[in-house]
Amino acid sequence: MTADHGKCHCGQVEWEVKLEDRAHILCHCDTCKQLGGGTYSLNQIVPKDNLKITKGKLNTYTYYGDSGKPVNCYYCPNCTSQ
Ligand SMILES: [Zn+2]
Ligand SMILES: [Zn+2]
């Protein structure tokens, strides 16, 4: 299993993720449309332990989905990349 690296738009936050598979989800829900500004979002679900923030710190906010469960959203405090 190899690690992928990425960063937010401004470069203040960097991360490393280990993907167990490359399966992803295209979601067309209203929340994803609102957050992404498009007709869908591309999501990769990974176990929490497989994602490490290697530079910077993230801000977070919580909203409640239609199920009533809390969803934590993380983003760069400078450029707001999620
Ligand atoms: Zn940033
Ligand atoms: Zn969605």
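Q: How many helices and strands does the protein chain have, and in what order do the elements run from the N terminus on?
A: In this predicted model, the protein chain has 1 helix together with 7 strands. Read from the N terminus on, the elements of the protein chain run β-β-β-α-β-β-β-β.

Q: What box do the C-alpha atoms of the protein chain fill, and what percentage of its residues is buried?
A: Taken along the principal axes, the C-alpha atoms of the protein chain fill a box of roughly 35 × 30 × 25 Å. A residue is called buried when its relative accessible area is under 20%, and of the 82 residues in the protein chain, the buried ones make up 13%.

Q: What area does the protein chain expose, and what share of it do carbon and sulfur atoms supply?
A: The area exposed by the protein chain is about 6400 Å². Of this area, the share supplied by carbon and sulfur atoms is 51%.

Q: How many positive and negative side chains does the protein chain have, and how far apart do the centres of the two sets lie?
A: The protein chain carries 9 positive side chains and 8 negative ones. When the centre of each set is taken, the distance between the two centres is 6 Å.

Q: Which feature does UniProt place at residues 4-82, and how far apart are the end C-alpha atoms over those residues?
A: According to the UniProt record, which is an unreviewed entry, residues 4-82 hold the feature "domain: CENP-V/GFA". Over residues 4-82 the chain is 9% helix and 41% strand, and the distance between the end C-alpha atoms is 17 Å.

Q: Which residues coordinate the zinc ion (ligand 2), and what spacing do its donors follow along the chain?
A: The zinc ion (ligand 2) is coordinated through the SG atoms of Cys27, Cys29 and Cys32, at 2.2 to 2.3 Å. Along the chain, the donors of this zinc ion (ligand 2) follow the spacing C-x1-C-x2-C.

Q: Does Cys32 count as buried or exposed, and how does Cys29 count?
A: Cys29 counts as partly exposed because its relative accessibility is 31%. Cys32 has a relative accessibility of 14%, and therefore Cys32 counts as buried.

Q: Where is Gly6 found, and which residues is it in contact with, leaving aside its neighbours within four places in sequence?
A: Gly6 is found in strand S1, which covers residues 3-7. The C-alpha atoms of Gly6 and Val17, which are 11 residues apart along the chain, are separated by 8.4 Å. Leaving aside the neighbours within four places in sequence, the residues in contact with Gly6 are Val13, Glu14 and Trp15.

Q: Where does Thr62 lie, and which residues is it in contact with, leaving aside its neighbours within four places in sequence?
A: Thr62 lies in strand S6, residues 59-64, and counts as partly exposed because its relative accessibility is 41%. The C-alpha atoms of Thr62 and Cys73 are separated by 6.1 Å, although the two residues are 11 residues apart along the chain. Once neighbours within four places in sequence are left aside, Thr62 is in contact with Pro70, Val71 and Asn72.

Q: What is the phi of Thr80, and how far is its C-alpha atom from that of Cys10?
A: Thr80, placed in the segment after strand S7 (70-75), is not a glycine and yet has a positive phi of about 70°. Most residues other than glycine have a negative phi. Thr80 counts as exposed because its relative accessible area is 52%. Thr80 and Cys10 are 70 residues apart along the chain, and their C-alpha atoms are separated by 9.1 Å.

Q: Is Glu20 buried or exposed, and how far apart in space are Glu20 and His5?
A: Glu20 lies in the loop between strand S2 (14-18) and strand S3 (25-27), and with a relative accessible area of 57% Glu20 is exposed. Glu20 and His5 are 15 residues apart in sequence, while in space, C-alpha to C-alpha, the distance is 15 Å.

Terms used:
Residues numbered from 1 in each chain as written. Chains lettered and ligands numbered in written order. Predicted model: local features only at pLDDT ≥ 70, side-chain atom pairs only at ≥ 80, totals over all residues. Heavy atoms only, no water. Helix = DSSP H or I, 4+ residues; strand = E, 2+ residues; numbered from the N terminus. Buried < 20%, exposed > 50% of the residue type's maximum accessible area, 1.4 Å probe, protein only. Areas by Shrake-Rupley, 256 points an atom, 1.4 Å probe, with all protein chains shown as cover. Lys, Arg positive; Asp, Glu negative; His and termini not counted. Charge placed at Lys NZ, Arg CZ, Asp CG, Glu CD. UniProt positions renumbered as here; feature names shortened; annotations may be inferred. Donors = N, O, S within 2.8 Å, 3.2 Å for Na, K, Ca; no water. Contact = heavy atoms within 4.5 Å.
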